[in-house]
Amino acid sequence: MDENGNECAWLLLSLLQSKTCPAHETLYELIDLELSHVDELIDIALASVMKLVAKVIKELGANLPMELVHTLLKPQSPLLQLRFNPSSMVHSETVAVYHSLLNLKNIPLLKEVYRVLVGELEPLHVGENPHADTKYSYEEAHFVVLLHFKALADIANASNSIIGMWVLQPSIVDLLAVRLMPRKLSKLPSDLQYALLYMLYSHCSKHNHFISSSGLL
């Protein structure tokens with residue numbers, strides 16, 4: 001279980017692409033095994049694990065089992081813990097896992113990923129929230145929100161995305177403009193203010209939510 005082995009697996013997945021069906025169960029077992037040992041790995045190995053996980057998600061796509069999504073995103077999962085790793089290399093590959101999950105073309109899987117992410121972002125999340133009992137320090141919460149904004153950027157900025165506008169609930173614009181918008185925006189840290197407003201502006205611009213005479217254009 002090292003970065004060289006993971007790199008070989010990554011290359012094989014790139015070559016085989018949709019022909020990996022006979023090996024799916026083995027891949028799931030490999031991911032479970034590696035995630036169970038993340039506490040023992042150095043940063044370069046952790047980054048290789050995340051890189052492999054992102055690749056498996058990308059290549060298996062619609063064939064990904066819901067159980068793997070839950071394994072990755074459940075409270076206290078290794079993936080969630082790695083978000084706080086100080087290594088920029090680990091951070092980049094962890095964000096890549098989120099991007100892979102949010103680029104899934106399987107709508108039920110995508111909706112489940114989005115539901116869990118929104119559950120972490122919204123303190124008053126409506127419906128069953130797997131993170132209802134999750135507690136973060138102020139610094140951790142700040143970091144989680146920024147990471148989720150990074151993860152959601154692709155969907156938010158996709159031009160005329162039916163998924164972003166209608167499939168996901170709440171919609172991106174509802175999430176950013178209503179659910180996450182504090183009563184006093186000035187109380188947010190400046191980087192969160194900027195990230196929230198910029199993503200909202202970008203999303204609205206790409207989806208023509210502004211009237212033609214708006215001063216925000």
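**Stop 1: a leucine on the outside**

Select L15, and you will land in helix α1, which covers residues 3-16. Keep in mind as you look around that this is a predicted model. Is L15 buried or exposed? Its relative accessibility is 71%, and exposed means over 50%, so L15 counts as exposed. Now add L12 and L16 to your selection. Together with L15 they form a nonpolar patch on the surface, with about 320 Å² of accessible area between them.

**Stop 2: the whole chain**

Zoom out and colour the protein chain by secondary structure. You should find 11 helices and zero strands. Following the sequence from start to end, the pattern reads α-α-α-α-α-α-α-α-α-α-α. The protein chain has 217 residues, and 45% of them count as buried. If you switch on the surface, its accessible area comes to about 11700 Å², with 58% belonging to carbon and sulfur atoms. Contacts tell you about the fold too: among those in the protein chain with a separation of 6 or more, 69% are between residues 24 or more positions apart.

**Stop 3: helix α3**

Next, select residues 43-60, which make up helix α3. Try drawing a distance from its first C-alpha to its last: the 18 residues reach 26 Å, close to the 26 Å expected at 1.5 Å a residue. How many of the residues of α3 are buried? The count is 14 of 18, so this helix is mostly covered. Step just past the end of α3 to G61, where phi is positive, at about 50 degrees.

**Stop 4: one face of helix α4**

Move on to helix α4, residues 66-73, and show the side chains of L68, V69, L72 and L73, which are its buried residues. Turn the view until you look down the axis of α4: the buried residues fall within an arc of 120 degrees, so they line one face of the helix. The spacing of a helix helps here: an α-helix has 3.6 residues a turn, so residues three or four places apart point the same way. What covers the buried residues of α4? The cover includes α2 (24-35), α3, α5 (78-82), α6 (88-102) and α7 (107-121).

**Stop 5: a threonine inside**

Finish in helix α6 by selecting T94. Its relative accessibility is 0%, so T94 counts as buried. Which residues does T94 touch, leaving aside those up to four places away in sequence? Show M50, L79, L82 and R83 to see these contacts of T94.

Definitions and conventions
Residues are numbered from 1 along each chain as its sequence is written. This is a predicted model: local features need pLDDT of at least 70, side-chain atom pairs count only at pLDDT 80 or more; totals for chains, interfaces and linings use all residues. Side-chain values use heavy atoms; hydrogens and water are left out. Patches are made of residues with over 30% relative accessible area and no salt bridge: like charges are joined within 9 Å, nonpolar side chains (Val, Leu, Ile, Met, Phe, Trp, Tyr) within 5 Å. Accessible areas come from the Shrake-Rupley method with a 1.4 Å probe; for residues, only the protein chains shown count as cover. A salt bridge is a side-chain nitrogen of Lys or Arg within 4 Å of a carboxyl oxygen of Asp or Glu. Helices (H or I, at least four residues) and strands (E, at least two) are DSSP runs, numbered from the N terminus. Buried means under 20% relative accessible area, exposed over 50%, partly exposed in between (1.4 Å probe, protein chains only). The expected span of a helix is 1.5 Å times one less than its number of residues. Contact means heavy atoms within 4.5 Å. The arc is that of the directions from the helix axis to the C-beta atoms.
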